[in-house]
Amino acid sequence: MLEGFHKFASPPHFHAISRRLSPWLFGVSAVLFACGLVGGLVLAPADYQQGDSFRIIYIHVPSAWLSMFVYMVMAGAGACGLIWKMKMGDIVARAAAPLGASFTFLALASGALWGKPMWGTWWVWDARLTSELILLFLYLGYIALQTAIEDRRAAARAGAVLAIVGVVNIPIIHYSVEWWSTLHQGATITKLDKPSIATSMLIPLLAMTLAFKTFFAAVLLVRTRCEILEFEQHTSWVRGLAPDAEFAR
Amino acid sequence: MSTLAEFFAMGGYATYVWSAYALAAVVLVWNVVQPLRRERRLLRTLTARTKRGEPA
């Protein structure tokens, strides 16, 4: 079992598996996106309070959830690299950062586009919005560290420390609507009792959430392959890979 | 077709709803195109280096 994991976590094997897996994940994600978009934009009825503006939820909530999920993946992978010296941990953390930053940006921007018609303002310094903005800065700080430090090992260590310290922000984002009840509405789905949303509105939201998650997995695999190639460009296995004409196009 | 026009009007929230979806499309497409192009470029560079017989 442990041996199998080591094999999986070695860059050549990860690279080979990733090449086979990522097209499937892109396919599954595309199907889920199609279902989610039809369900969310066409089939779901307009909200009785928010009208059709509530349809922004199908972009906003999946990207906001993903922004936190990606952060945990990044910090977890960084910790594996830092504590157990796993090279794949460093590589995955580095590959996840731009993805996380882009979805945090999307969560903030779609939130602003929803806030303007519903709250009358693009932005407020509310706890939820502020902690999500801090999340964006954590991602950008991580990316800046990676570009500023030439030595990849040192960059990975510094980045992992930043990512692990920043994990404290994740529960703050999640509970901010309960701890400080300000303008942002409370949780709709992740409540202990039944979710406060109609089934015809909930199903497209779940489809979109899964679509975003599988999309993230697919892109993470591609980005990880790029990082592996750069990290290992002087090894013989990468050199053996490159002349493959069909592969290099 | 009034129903199609109604669909695009989004109950008067067209600007906000369609901007959010357009932004999502941009973020998703960028996330696909950028790493795939980078991977192709990397492989091309590595192939060229191997062909020139540079040591690994």
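User: What helices and strands are there in chain B?
Analyst: In this predicted model, chain B has two helices and zero strands.

User: What makes chain B more spread out than a compact globule?
Analyst: Set its radius of gyration against the globule rule. For 56 residues the rule gives 10 Å, but chain B comes out at 22 Å, well over that, so chain B is more spread out than a compact globule. The spans of its C-alpha trace along the principal axes are about 65 × 20 × 10 Å.

User: How confident is the predictor in chain B, and what does it give for the complex?
Analyst: For chain B, the mean pLDDT is 88, on a scale from 0 to 100, and 93% of the residues reach 70 or more. The complex gets an ipTM of 0.90 and a pTM of 0.90.

User: How many residues of chain B are in contact with chain A?
Analyst: There are 26 from chain B, and they touch 35 residues of chain A. A pair counts as in contact if the C-beta atoms lie within 7 Å. On chain B's side of this contact you'll find 17 nonpolar, five polar and four charged residues.

User: Why are H8(A) and H2(B) called roughly parallel?
Analyst: It comes down to the angle. H8 of chain A (residues 199-231) and H2 of chain B (residues 14-51) have axes that cross at roughly 25° and come within 10 Å. Angles under 35 degrees count as roughly parallel, so that label fits H8(A) and H2(B). Their crossing is left-handed.

User: Which residues make that contact between H8(A) and H2(B)?
Analyst: H8(A) brings, among them, A:Phe215, A:Val219, A:Val222 and A:Leu229, while H2(B) brings residues including B:Leu28, B:Val32, B:Leu36 and B:Leu42. Charged residues take part too, including A:Arg223 and A:Glu230 on H8(A) and B:Arg38 and B:Glu39 on H2(B). By class, the contact of H8(A) with H2(B) has 11 nonpolar, one polar and five charged residues.

User: What makes H5(A) and H7(A) roughly antiparallel?
Analyst: Again, look at the angle. The axes of H5 (residues 127-148) and H7 (residues 169-179), both in chain A, cross at roughly 170° and come within 8 Å. The cut-off for roughly antiparallel is over 145, and therefore H5(A) and H7(A) get that name. Their crossing is left-handed.

User: Where do H5(A) and H7(A) meet, and which classes of residue are involved?
Analyst: From H5(A), the residues include A:Ala127, A:Ile134, A:Leu135 and A:Leu138; from H7(A), they include A:Ile172, A:Ile173, A:Val177 and A:Trp179. This contact of H5(A) with H7(A) divides into eight nonpolar, three polar and two charged residues. The charged ones are A:Arg128 and A:Glu132, from H5(A).

Conventions: Residues numbered from 1 in each chain as written. Chains lettered and ligands numbered in written order. Predicted model: local features only at pLDDT ≥ 70, side-chain atom pairs only at ≥ 80, totals over all residues. Contact = placed C-beta atoms within 7 Å. Axes fitted to C-alpha atoms, helices over the stretch in contact; angles between N-to-C directions. Helix = DSSP H or I, 4+ residues; strand = E, 2+ residues; numbered from the N terminus. Parallel < 35°, antiparallel > 145°, perpendicular 65-115°, else oblique. Left-handed = near helix turned anticlockwise from the far one by under 90°. Rg over C-alpha atoms; globule rule 2.2 N^0.38 Å.
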